[in-house]
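The following exchange examines how descriptive terms are assigned to a structure, setting each value against its criterion.

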Amino acid sequence: YKKELSSKLSSMKKIKEYLFKDKRKFTEGLSFKKMFFIFIIFSFLGCIYEDLLFMAKNYINYGILDYSTKRGLLYLELSPIYGWGACLMIYILGRKPRQKIEYFALGSLIGGGFEYIISFLQETFTGTTSWDYSDYLLNINGRTTLPYMLFWGLLCYILMVKI
């Protein structure tokens, strides 16, 4: 019995060593495959985030708790703008180690800058707008706001430091 138990423990130890042998962070050694998964995951999470914000806004303004989707794509629950933003942040910030505050500060600038540039390009080339923050506190030409930039910094900090 002892020999069998020892054999099983040895096998489990080998499995554990195999599973935990790679101590690198996820962002080290980026590949197309990793960036694709990051894009899909954060496109989905971004769409859910917007759906929940819309639901909360309806509840606060009208007292109606109603979930409705604001799809980013025609058939899928994906919002590509969030996926591209996450890929951009990870690609820029995941290439070398930084101080924790740098992730927050640079993430704020990258997120806010990306939001601003995409809004500008959409309005310039299509004549449409998907968001307008003109009535929000501390907005920058209605394309982004300082509080949202800080929110992007917080998300970037969580993504790069905590995950």
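Q: At what angle do helix 4 and helix 5 pack, and how far apart are their axes?

A: In this predicted model, helix 4 and helix 5 pack at about 130°, and their axes are 7 Å apart.

Q: Why is helix 4 called oblique to helix 5?

A: Angles of 65 to 115 degrees count as roughly perpendicular and those over 145 as roughly antiparallel. The angle of about 130° belongs to neither class, and helix 4 is therefore oblique to helix 5. The handedness of this crossing is right-handed.

Q: Which residues make the contact between helix 4 and helix 5?

A: Helix 4 contributes Lys 100, Tyr 103, Phe 104, Gly 107, Ser 108, Leu 109, Gly 111, Gly 112 and Glu 115. From helix 5 come Tyr 148, Met 149, Leu 150, Trp 152, Gly 153, Leu 154, Cys 156, Tyr 157, Met 160 and Val 161.

Q: How do the residues of the contact of helix 4 with helix 5 divide into nonpolar, polar and charged?

A: There are 12 nonpolar, five polar and two charged residues in this contact. Gly counts as polar in this division.

Q: What makes helix 3 and helix 5 oblique to each other?

A: The axes of helix 3 (residues 80-93) and helix 5 (residues 146-162) cross at roughly 60° and come within 11 Å. Roughly parallel requires an angle under 35 degrees, and roughly perpendicular requires 65 to 115. The crossing angle meets neither condition, so helix 3 and helix 5 are oblique. Their crossing is right-handed.

Q: Which residues form the contact of helix 3 with helix 5, and how do they divide by character?

A: On helix 3 they are Tyr 82, Met 89, Ile 90 and Leu 93, and on helix 5 they are Trp 152, Cys 156, Leu 159 and Met 160. The division is eight nonpolar, no polar and no charged.

Q: How do you know that the span of helix 3 agrees with its number of residues?

A: At 1.5 Å a residue, the 14 residues of helix 3 should span 20 Å. The end C-alpha atoms are 20 Å apart, so the two values agree.

Q: Which residues of helix 3 are buried, and against what do they pack?

A: The buried residues are Tyr 82, Gly 83, Gly 85, Ala 86, Cys 87, Met 89, Ile 90 and Leu 93. They pack against helix 2 (32-62), helix 4 (100-126) and helix 5.

Q: Why does Asn 58 count as buried?

A: Buried means under 20% relative accessible area. Asn 58, found in helix 2, has 16% relative accessibility and therefore counts as buried. Leaving aside neighbours within four places in sequence, Asn 58 is in contact with Gly 63 and Ile 64.

How values were computed:
Residues numbered from 1 in each chain as written. Predicted model: local features only at pLDDT ≥ 70, side-chain atom pairs only at ≥ 80, totals over all residues. Heavy atoms only, no water. Axes fitted to C-alpha atoms, helices over the stretch in contact; angles between N-to-C directions. Helix = DSSP H or I, 4+ residues; strand = E, 2+ residues; numbered from the N terminus. Left-handed = near helix turned anticlockwise from the far one by under 90°. Contact = heavy atoms within 4.5 Å. Expected span 1.5 Å × (residues − 1). Buried < 20%, exposed > 50% of the residue type's maximum accessible area, 1.4 Å probe, protein only.
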